[in-house]
Amino acid sequence: MTADPVALDRRHLWHPFTPMRLWAEEEPLIIAAGEGNYLIDTAGRRYLDGVSSLWVNLHGHRCAALDDAVREQLGRIAHSTLLGLGNVPAAELAAALIAVAPAPLSRVFYSDSGSTAVEVALKLAFQYWQHRGRLRRTRFVALADAYHGDTIGAVSLGGIDLFHRLFHPLLFQTLRAPCPHPYRYADGALSPEACREACLGEEVAAVIVEPRVQGAAGIIVHPPGYLAGVAALCRRHDVLLICDEVATGFGRTGELFACQSEGVSPDLMTLAKGLSGGYLPLAATLTTEAIFEAFLDGPERTFFHGHSYTGNPLACAAGLASLRLFGERDLLAQVRSRACRARELLAQQLAPIEAVGEIRQCGLMIGVELVADRQTRRPFPPERRLGAAVCRAARAQGVILRPLGDVLVIVPPLSITDDELATIVGAIAQSIRATV
Ligand SMILES: *Cc1c(COP(=O)(O)O)cnc(C)c1O
């Protein structure tokens, strides 16, 4: 007899980003299997995976190419270390990433999550300036409402009060530039020049941005040209640019990497979420030969950082198979076409609803913000937890969503079909009407 997974979960699990008192009061949904763009629960019920298992899945679940790649690698070896040894899939994936990443990125440093990829980028940027003898370049610029992960360095860069405020005494001080979103900030913030003040001065090591879209902030889409402007600012002031592509990477915005839509070449780029196609924990920090070379002369210049599972062969094999699918199928064209269809569906079905304050979209990253009053943008009382209530209603209609406050988030697998998109948007429309 196997024990009831609901009972085991309730007794022993502590879920991330989850008020556990509320969790205990609800019937938990436990996933037992997946197939294509669907998740299947322990009772055999099927649900569309509307947030691609938290923005990671690209090609659907049980994708044959990825399943085979992992199985084949399992027939060779599951894991060996990258500290003092190499492994075949880690080397092959590094080459494949560099082939598609913006020049002059040329080096891949692996880790396990978006947060660790950001930690690596921070430490590389800091140490780079130390080796260059620019000892005062020790500070980082990040945007208001930024999200870069949950480890302490990444939280120091983060600007989301609800998640980050409590840890303030543990954090290093970050210089803060405004978030370029017209509805939350004054018009002046929309220009990259608003970032300029923070970048001036000899103490800045790097600027970090989520290119084009601030995901966790509520799918805040930056105005066109903003990223290119920030990149130009960084060049002008001799400051490194870190593009955190953890959420935006691997086709979500309609480009392979969001920074490519503005012709921006960062000095450091962080990848995770979609890197393994959403199969296994894998992350990478990409950087240039110029930064790499500053670490070469003398053992004291070593980058003393590494995780036990860095460059895990199973995860790298999945990543390689996933990247090959981008080459074999015209996935980016497919994403752009689906994004157009989504735009029509959202305009037809959600825009007319009174409680929908704003619909934000960049490729297949979509945020639908619910407001109590459209004119004043007055929010609903947070204690109503309306976003969560709407997502619960959508679940009853067979669509899995996870909100950010009162922003309903749609980030489906790239393999989503037009019909499945219509199902998701239809379920949201009905759920808002039934809930508000
Ligand atoms: C999700 C996310 C991270 C953190 O990634 P984890 O794998 O959850 O640690 C970092 N940066 C951005 C932009 C993200 O969206």
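# Close-up views of a predicted model

**View 1. Aspartate 41 reaches over to a backbone nitrogen.** The side chain of aspartate 41 gets to the backbone nitrogen of arginine 45 at 2.8 Å, which fits the cut-off for a polar contact (a pair of N or O atoms within 3.5 Å; within protein, one must be able to donate a hydrogen and the other to accept it, and residues adjacent in sequence count only if both atoms are side-chain atoms). Before you go on: this is a predicted model, where local features need pLDDT of at least 70 and side-chain atom pairs count only at pLDDT 80 or more, while totals for chains, interfaces and linings use all residues. Residues are numbered from 1 along each chain as its sequence is written, and side-chain values use heavy atoms, with hydrogens and water left out. Aspartate 41 sits in strand E2, residues 38-41 (helices, H or I, at least four residues, and strands, E, at least two, are DSSP runs, numbered from the N terminus). Aspartate 41 counts as buried at 3% relative accessibility (buried means under 20% relative accessible area, exposed over 50%, partly exposed in between, with a 1.4 Å probe and protein chains only). Skipping residues up to four places away in sequence, aspartate 41 touches Leu29, Ile30, Ile31, Ala32 and Tyr47 (contact means heavy atoms within 4.5 Å).

**View 2. Histidine 59 pairs up with serine 322.** Look for histidine 59 in the loop between helix H3 (52-55) and helix H4 (64-74). Is histidine 59 buried or exposed? With a relative accessible area of 10%, histidine 59 is buried. Its side chain makes a polar contact with the side chain of serine 322, at 2.8 Å. Not counting residues up to four places away in sequence, histidine 59 also touches others, including Leu66, Gly277, Phe326 and Ser415. Don't expect histidine 305 in this close-up: from histidine 59 it is 246 residues apart in sequence and 32 Å apart in space, C-alpha to C-alpha.

**View 3. Histidine 148 and aspartate 145 share a loop.** Histidine 148 lies in the loop between strand E5 (139-143) and helix H7 (152-157), and aspartate 145 is found in the loop between E5 and H7 too. Histidine 148 is buried at a relative accessible area of 2%, and aspartate 145 is buried at 15%. Which side chain does the side chain of histidine 148 make a polar contact with? That would be aspartate 244, at 2.7 Å. Leaving out residues up to four places away in sequence, histidine 148 touches Asp244 and several others, among them Gly114, Ser115, Ile208 and Glu210. Aspartate 145 has a backbone quirk: its phi is positive, about 65°, although it is not a glycine.

**View 4. Helix H10 tucks one set of residues inside.** The buried residues of helix H10 (residues 226-236) are Tyr226, Leu227, Gly229, Val230, Ala231, Leu233 and Cys234. What do they pack against? Their partners are E5, helix H9 (196-199), strand E7 (204-209) and strand E10 (240-244). After H10 comes aspartate 238, in the loop between H10 and E10. Its phi is near 60°, a positive value in a residue other than glycine. Aspartate 238 is partly exposed, with a relative accessible area of 37%.

**View 5. Helices H5 and H12 pack together.** Helix H5 (residues 88-100) and helix H12 (residues 313-328) pack at about 35°, with their axes 8 Å apart (axes are lines fitted to C-alpha atoms, for helices over the stretch in contact, and angles run from 0 to 180 degrees between N-to-C directions). The H5 side of the contact includes Pro89, Leu93 and Leu97, and the H12 side includes Cys316, Leu320 and Arg324. Counted by class, this contact has eleven nonpolar, one polar and two charged residues (Ala, Val, Leu, Ile, Met, Phe, Trp, Tyr, Cys and Pro count as nonpolar, Asp, Glu, Lys and Arg as charged, and the others, Gly among them, as polar). In the loop between H5 and strand E4 (105-111) you'll find proline 104, joined to alanine 103 by a cis peptide bond with omega about 0°.

**View 6. Helices H14 and H15 cross.** The axes of helix H14 (residues 386-396) and helix H15 (residues 418-435) come within 8 Å and cross at roughly 125°. H14 and H15 are therefore oblique to each other (angles under 35 degrees count as roughly parallel, over 145 as roughly antiparallel, 65 to 115 as roughly perpendicular and the rest as oblique). Leu386, Ala389, Val390, Ala393 and Ala394 of H14 meet Ser431, Ile432 and Thr435 of H15. By class, that makes six nonpolar, two polar and no charged residues.
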